[in-house]
Amino acid sequence: MLFRSARGVASQLLALPGSYGAAPSALAAVGEFVSPVTVIIDGAIPPTFASVQAYAAHLGQAISELIAAVADERPLVVLLDDIDRFDPASRDVLAHAFRPLHRARLMVLAAARQDVTDLGCPTAIALIAPLSADEIGRLLSAVIGRPASSDADGFAAAVHTASDGNPFRAMWLLREALERRLVEVREGRFHVAEWGAFNALSGQWRTAAGRLGSLDESAVRMLSHLAVADGPLEDTLLLDLNRRGGDDPSAALRVLERRGLATRRSSAAWHLG
């Protein structure tokens, strides 16, 4: 979805002290952009703009004024997690936003799993490399409280290959394999009961159908609220919205988190994916 990541950044900036020192036109543009009723999909943009690029430049200017107002109140550090997963339109918006701010009291820190394009300002980017096979083995062993030599049947090596060294995928595979009894722990070692079934499970993370399959009604409702919001939703609001269905919303969130469909990226807010 276009601008999803930029909307998340803008909504958090709007809530910071000093933001209302920005020009009214900038506040109006950002406020409309982050409104829950504003959904931008499949290239649809306000009709007053000729292209996505023109709208990105407009949003970038408004967000730039917002950042300047916040940084004028006090020095500002912007943390961008998984920036390589930001949609291109969002990165374009942020480049427009940061470019005029070389002299502002601003520091931009970003984490990524691969190189990203220039954000328009000096940015400290921490490249997070995939875990090695040995590191995946130590991660899995730590879960069961055993030393790294606890791998049997090549289970850790198989998890490393299937997860591409991504720790979130590795943990999802371990949880799902244990729940489905495809693997068990005996005397501190992993034992795979059926390699064919485990290999089939390994391929599910890579497809949306695999991760969405067999979700119950409560989890589907939770996922729908996150999709409609298209941005961070606070714990209290998200749980209240889903509690009306009569099910335990906390359990549904745990299911979505295990499948990599929802992520807690701050102490009190959830995001899609």
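## Exercises on rings, charges and turns

Asp164 is partly exposed, with 42% relative accessible area (buried means under 20%, exposed over 50%, and partly exposed in between, using a 1.4 Å probe and protein chains only). You will meet Asp164 again in Exercises 3 and 4.

This is a predicted model, in which local features need pLDDT of at least 70 and side-chain atom pairs count only at pLDDT 80 or more, while totals for chains, interfaces and linings use all residues. Residues are numbered from 1 along each chain as its sequence is written, and side-chain values use heavy atoms, with hydrogens and water left out.

### Exercise 1: An aromatic pair

Find how many aromatic pairs the whole structure holds, then describe the pair of Phe3 and Tyr55.

**Solution**

- Step 1. Recall that two aromatic rings are described by the distance of their centres and the angle of their planes. Rings of Phe, Tyr and Trp (its six-membered ring) pair if their centres lie within 6.5 Å; planes under 30 degrees apart are stacked, over 60 edge-to-face, and the rest tilted.
- Step 2. Searching the whole structure gives 6 aromatic pairs.
- Step 3. For Phe3 and Tyr55, the centres are 5.5 Å apart and the planes make 90 degrees, an edge-to-face pair.
- Step 4. Phe3 lies in the segment before helix H1 (4–14) and Tyr55 in helix H3 (residues 52–73), so this pair ties together parts that are 52 residues apart in sequence. Here, helices (H or I, at least four residues) and strands (E, at least two) are DSSP runs, numbered from the N terminus.
- Step 5. Check the surroundings: Phe3 is buried at 0% relative accessibility, and Tyr55 is buried at 5%.
- Step 6. Look around for further rings: ring pairs link Phe3, Phe33, Phe49 and Tyr55 into a cluster.

### Exercise 2: A pair inside one helix

Classify the ring pair of Trp195 and Phe198, and say where the two residues lie.

**Solution**

- Step 1. The ring centres of Trp195 and Phe198 are 5.7 Å apart and the planes stand at 85 degrees, so the pair is edge-to-face.
- Step 2. Both Trp195 and Phe198 belong to helix H8 (residues 195–202), 3 residues apart, or about one turn of the helix.
- Step 3. An α-helix has 3.6 residues a turn, so residues three or four places apart point the same way.
- Step 4. Trp195 is partly exposed at 31% relative accessibility, whereas Phe198 is buried at 0%.

### Exercise 3: Salt bridges

How many salt bridges does a search of the whole structure find? For Asp134, Arg169 and Arg180, name the partner and give the distance.

**Solution**

- Step 1. Side chains of opposite charge can pair when their charged atoms come close. A salt bridge is a side-chain nitrogen of Lys or Arg within 4 Å of a carboxyl oxygen of Asp or Glu.
- Step 2. The search finds 3 salt bridges.
- Step 3. Asp134 is joined to Arg138, with the closest N and O atoms 2.2 Å apart. Asp134 and Arg138 are 4 residues apart in helix H5 (residues 133–143), about one helical turn. Asp134 is partly exposed at 47%, and Arg138 is partly exposed at 42%.
- Step 4. Arg169 meets Asp164 at 3.1 Å, N to O. Arg169 is partly exposed, at 22% relative accessibility.
- Step 5. Arg180 pairs with Glu176, the closest N and O atoms being 3.1 Å apart. Arg180 is partly exposed at 38%, but Glu176 is buried at 4%.

### Exercise 4: Positive phi

For Asp164, Arg181 and Glu187, give the value of the positive phi and the place in the chain.

**Solution**

- Step 1. Asp164 has a positive phi of about 55 degrees although it is not a glycine. Asp164 sits in the loop between helix H6 (155–163) and helix H7 (167–179).
- Step 2. Arg181, also not a glycine, has a positive phi of about 60 degrees. Arg181 is in the loop between H7 and strand S4 (183–186), and is exposed at 72% relative accessibility.
- Step 3. S4 and strand S5 (residues 189–192) pair in the antiparallel sense over 4 bridges; strands pair if DSSP finds at least two bridges between them. Arg186 has Arg189 in S5 as its bridge partner.
- Step 4. In the hairpin of S4 and S5, with 2 residues between the strands, Glu187 takes a positive phi near 55 degrees.
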